[in-house]
Amino acid sequence: MNKSLVFVVMILIFLFFQFNLAYGQKDATIARTSKMADSLYKAKQYAEAGKSYSALAEMSDFHYQKASAYYGLACSLGLARQNEAAFSTLQKAVKAGYAKKSHILSDPDLASLHQLPGWTELVNSVPEAKRVLNADPAQAKFITTDIHHFWQAYDQALKDTLHFHQIMKRGYFDLASQGMNDYMGLKVSSIDYFVQHIRSAPAFYSSIRANSLKVDTYKPSFLAACRKLKSIYADAVFPDVYFVIGAFTSGGTVSDRGLLLGLNQSCVDSTVPLGELSPRLRTRVNPLYTLPNLVAHELIHYQQDGMKRDTTTLSFVIKEGMADFLAELISGAAPNPALYAWAKGRERAIWQKFKKDMYYNRYGNWIANSQQATADNLPDQGYWIGYQICRSYYQQRADKKKAIYEMLHIQDYQSFLAESNWEHTLSALSSGP
């Protein structure tokens, strides 16, 4: 290789690392600023909190994030009695998509704005975001337009890599469905982070294209799960389901828009190479055939509004494990077969470790904890624990439909654990490794 070519390669490598460093710094700054804003607000240092919320709004790429940051800023200004500034900032939040009218009206942080000229007009302009409570499983909608937009933009971006970010923004993010806007705002820190991830795994993304475009063929399976849920839980409702390409930060979540699925985490088969993904990201990959089970899991979350809000780790794992267990009832299997296979023989060890955390707020040790994952310590073991508790409860009850209703309306998680008889069931299992 001649010296000039070596020099060019070295420059390209330098630019690549500088590019990734800049992206990493921006996302770290966003995370740090968000945490700082919330901490200052809780400490009642409203002027300083407002500065952080203002900075966060300027940095945010997504409407959901920007609207939330502006709303936090408006609340901070309202509590600091800067009413005019708070009002104009609230207008920005509404313009960015903040759509919780009832919360605006009842929020004591904004009470000082109620007498301002224009308050009623502003509140009346807010389109209250409500869950679509469709009770008919036959009317369930499965929205895949974002997947098609992604591949169209991706193909264009590969032809002009210098403008990859701009092309993805114009062809994917600017055309986003309402569900995709929520998913990105809830689960992805920035467009930069998204682009960095997508560009880091070209072979992976090339290989999942065909599988991702098969999602429409699974609609009969999705509908079958919806019908099954209605047959065992009469109060079931069926939100819209959105499929998007994310940044490997969430396989699925929910918002007032509906169920939001990061399809690229559930597109794997034996032909998909995983070498470009870190060991942590490989733990977040699911086979394509589990997609109906994942949709069913998120569908159960949408039914859990009747459960008491709690901050104990026990409550979190019961909610997630219940979604897995009921997903199995309506779709045939839980979404993460690898986790359940791995846990066999380790039941006692997992439970003894969990008992140290279950009455504390230590969610991060048991759910969405891929940062802690190793080959001998898979992430999301809380799903398995909650599944076992819920299955045991269900098996104890003669009236299965009543059991499901009771599960979806838990008010006391400690009592539910006791009534499940799970620990007695565990005692019959072998001690494992």
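Let me start inside the protein, with Phe-150, which, once residues up to four places away in sequence are set aside, touches Met-168, Tyr-172, Phe-194, Ile-198, Tyr-205 and Ile-245. I should say at once that what we are looking at is a predicted model.

Phe-150 belongs to the largest nonpolar core, which has 102 residues, and together with Tyr-172, Phe-194, Tyr-205 and Phe-243 it is among those that touch the most other members. The element that gives the most to this core is helix α15, residues 313–331, with nine residues. Apart from this core there lies another one, of 30 residues, and among them you will find Ala-74, Ala-93, Tyr-98 and Val-123.

Now to a charged residue, Asp-182, which sits in helix α9, residues 178–187. Is Asp-182 buried or exposed? Its relative accessible area is 9%, and because anything under 20% counts as buried, Asp-182 is buried. Leaving out neighbours within four places in sequence, the residues in contact with Asp-182 are Tyr-64, Ser-255, Arg-257 and Leu-260.

Stepping back to the whole protein, we have 21 helices and four strands. The radius of gyration is 24 Å, close to the 22 Å that the globule rule gives for 433 residues, so the protein is as compact as a globular protein of that length. Of those 433 residues, 47% count as buried, and among contacts between residues at least 6 apart in sequence, 70% join residues at least 24 apart.

As for the outside, the protein exposes about 20800 Å², of which carbon and sulfur atoms supply 55%. Finally, there are 46 positive and 38 negative side chains, with the centres of the two sets lying 2 Å apart.

How values were computed:
Residues numbered from 1 in each chain as written. Predicted model: local features only at pLDDT ≥ 70, side-chain atom pairs only at ≥ 80, totals over all residues. Heavy atoms only, no water. Helix = DSSP H or I, 4+ residues; strand = E, 2+ residues; numbered from the N terminus. Buried < 20%, exposed > 50% of the residue type's maximum accessible area, 1.4 Å probe, protein only. Contact = heavy atoms within 4.5 Å. Core = buried A, V, L, I, M, F, W, Y, C linked by side-chain atoms within 4.5 Å. Rg over C-alpha atoms; globule rule 2.2 N^0.38 Å. Areas by Shrake-Rupley, 256 points an atom, 1.4 Å probe, with all protein chains shown as cover. Lys, Arg positive; Asp, Glu negative; His and termini not counted. Charge placed at Lys NZ, Arg CZ, Asp CG, Glu CD.
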